[in-house]
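Biologist: Got the model open? Let's go through the sheet, a helix and the core together.

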Amino acid sequence: MRLAYFLLLCLLLGGCGQPGGSASNSGAAPQFDARAAELTKKKESLVRFYRPMQVREGDWLESHPENGETFEEYIRSNPTLPTAERDTIYIQPVGTFSVEQRTVISHVADYMRAFYNLPVTLRTPRPLGDVPEEMQRVQYPRNRQIRTSYFIDDLLPKLLPKDAAALICLTNYDLYPEDTWNYVFGQANLETRVGVWSLWRLERENGKKASSDLLLARTLKVALHETGHMFSMRHCTKYECLMSGTNHLGETDRRPHDTC
């Protein structure tokens, strides 16, 4: 078991933190400080096994410089974590999926259940519905893209159950976050516990259809990454990590399936 997963698991099982915002600067409770201090010692004993981040041309950090976030900073941020009342991860497929895609989604749900050690409910797929014109565009030549804010700000909050630790949407439509962006693999809100990711680009390899194994590997990484954001984890910038940002599929394929 990798260290960061162990640290997160200890926090999740401990029920630490308060629901809501992820940007609070308020001090942590004394018992939380003690738990964090103990986990920090364990972390420091294993740092020598981490693989430093190597930024290549075209990678995320080259075009999106970020400061990163230490484990101690994460603790002090009052992160959004599961509680006794909100302990279930929901997966909501949106779109029309092939048999292969449905199989991948099912595997992702099983893997996420083990990775985060939380109940996972895979919902029945639902159609995209009517998307406002300002929330979509057509990328040359015929690729329909949906703006992520349509999911994060409009659709998903309405579908969020009261017992949801997180609600993540999986769609087969291509996504974009802003008009100036070409595309994005997925996006999540660090405070409202909702996020979306797309299979559209993950199942392509050099202009051809990617293998089922490659599609599954990529989908696992993006799904777990976006769920990590919903537990207030920011991008990792120091080590090769599941939570590191990715700017292209080559960078996604280099990332591990685990956190540093």
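Biologist: In which sense do S3 and S4 pair?

Modeller: This is a predicted model, where local features need pLDDT of at least 70, side-chain atom pairs count only at pLDDT 80 or more, and totals for chains, interfaces and linings use all residues. Residues are numbered from 1 along each chain as its sequence is written, and side-chain values use heavy atoms, with hydrogens and water left out. Strands (E, at least two residues) and helices (H or I, at least four) are DSSP runs numbered from the N terminus, and two strands pair if DSSP finds at least two bridges between them. S3 and S4 (residues 143-147) have 4 bridges, and the sense is antiparallel.

Biologist: Which strands stand at the edges of the sheet?

Modeller: The sheet is open, with 3 strands in the order S3-S4-S6 and mixed pairing. Two of its strands each have a single partner, so one side of each is left without a neighbour in the sheet: these are S3 (136-139) and S6 (174-176).

Biologist: And what angle does H6 make with S4?

Modeller: H6 (residues 148-159) packs on the sheet, touching S4 and S6. Contact means heavy atoms within 4.5 Å. Axes are lines fitted to C-alpha atoms, for helices over the stretch in contact, and angles run from 0 to 180 degrees between N-to-C directions. For H6 against S4 that comes to about 35°.

Biologist: Now H5: how wide an arc do its buried residues cover?

Modeller: Buried means under 20% relative accessible area, exposed over 50% (1.4 Å probe, protein chains only). The buried residues of H5 are Gln 101, Val 104, Ile 105, Val 108, Ala 109, Met 112, Phe 115 and Tyr 116. They sit on the same side of H5, because the arc around the axis (taken from the directions to the C-beta atoms) is only 145°.

Biologist: Which residues are exposed on the other side of H5?

Modeller: H5 runs over residues 99-116. Away from the buried side, the exposed ones are Val 99 and Ala 114.

Biologist: Which element gives the largest share of the largest nonpolar core?

Modeller: A nonpolar core is a set of buried Ala, Val, Leu, Ile, Met, Phe, Trp, Tyr and Cys residues joined through side-chain atoms within 4.5 Å. The largest has 44 residues, and those with the most contacts inside it include Val 108, Met 112 and Tyr 116. Elements giving two or more residues to this core include H2 (30-44), S1 (88-94) and H7 (212-230). The largest share, 7 residues, comes from H5.

Notes
Expected span 1.5 Å × (residues − 1).
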